[in-house]
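Take a walk along this chain. The stops are its unusual backbone spots and its aromatic rings.

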Amino acid sequence: MLHVVFFEPRIPGNTGNAIRLAAATGATLHLVEPLGFVMDEPRLKRAGLDYHDLANTVVHPDLEHAMAALPGRVFAFTTHTDQGYTGVEYRDGDALLFGPEPTGLPPEVLAHPRVSGQLRIPMQPGRRSLNLTNSASIALYEAWRQLGFPGGV
């Protein structure tokens, strides 16, 4: 099982879409407080459609609790590295850590001792970032593909 971690997400629609992503892939979605919304917000529910009950979503009060819950390596996604996300041999239990829009992960999170590496999704020059859930989807599907899509049909 893979894990997706959203550090202090702020946009309910992105998190709703991530809930759908977790349901579709079997990944666990970890949300690190503070959240920029409440979990029963209509925009979150609308974006997640009827997948909320099909997804494994865990809300953590802070980063330390989230890191303690993750069984494997933690890869932090950032635009401040040259290491591409496809250059990793992913393993069962790995976690993909993403920061909030529009700031991304702060330096203290990138430097956390549980972070095994920092990874980047390539983009055209002069672009700041991709949508949060689009980034998580790109990375999660690469990791899941490398593992042979266990549980997928």
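**Backbone turns and ring pairs**

Begin at Glu8. With a relative accessibility of 22%, Glu8 is partly exposed, because that class starts where buried ends, and buried means under 20%. This is a predicted model. Glu8 sits in the loop that runs between strand E1 (3–7) and helix H1 (12–25). Its backbone stands out: phi of Glu8 is near 50 degrees, a positive value in a residue other than glycine. Most residues other than glycine have a negative phi, and most peptide bonds are trans.

Phe149 is another such case. Phi of Phe149 is also positive, near 50 degrees, and Phe149 is not a glycine. Look for Phe149 in the segment after helix H5 (132–146). Its relative accessibility is 34%, so Phe149 counts as partly exposed.

Now turn to the peptide bonds. The bond from Glu33 to Pro34 is cis, with omega near 5 degrees. Pro34 belongs to the loop between strand E2 (28–32) and helix H2 (42–48). Further along, Glu101 and Pro102 are joined by a cis peptide bond too, and omega there is about 5 degrees. Pro102 lies in the loop between strand E5 (95–98) and helix H4 (107–110).

Next come the aromatic rings. How many aromatic pairs does a search of the whole structure find? The search finds five. One of them is formed by Phe75 and Tyr90. These two rings meet edge-to-face, 5.8 Å centre to centre, with 75 degrees between the planes. The pair links distant parts of the chain. Phe75 is in strand E4 (residues 74–77), while Tyr90 is in the loop between E4 and E5, 15 residues apart from Phe75. Are Phe75 and Tyr90 buried or exposed? Both are buried.

Tyr141 and Trp144 make an edge-to-face pair as well. Their centres are 5.5 Å apart, and the angle between the planes is 75 degrees. Here the partners are three residues apart in helix H5, so about one helical turn separates Tyr141 and Trp144. Their surroundings can be compared through accessibility. Tyr141 has a relative accessible area of 35%, so Tyr141 is partly exposed. Trp144 has a relative accessible area of 9%, so Trp144 is buried.

One stop remains. Phe6, Phe77 and Phe98 come together in one aromatic cluster. Find Phe6, Phe77 and Phe98 in the model to finish the walk.

Technical notes: Residues numbered from 1 in each chain as written. Predicted model: local features only at pLDDT ≥ 70, side-chain atom pairs only at ≥ 80, totals over all residues. Heavy atoms only, no water. Helix = DSSP H or I, 4+ residues; strand = E, 2+ residues; numbered from the N terminus. Buried < 20%, exposed > 50% of the residue type's maximum accessible area, 1.4 Å probe, protein only. Phe/Tyr/Trp six-rings, centres within 6.5 Å; stacked < 30°, edge-to-face > 60°.
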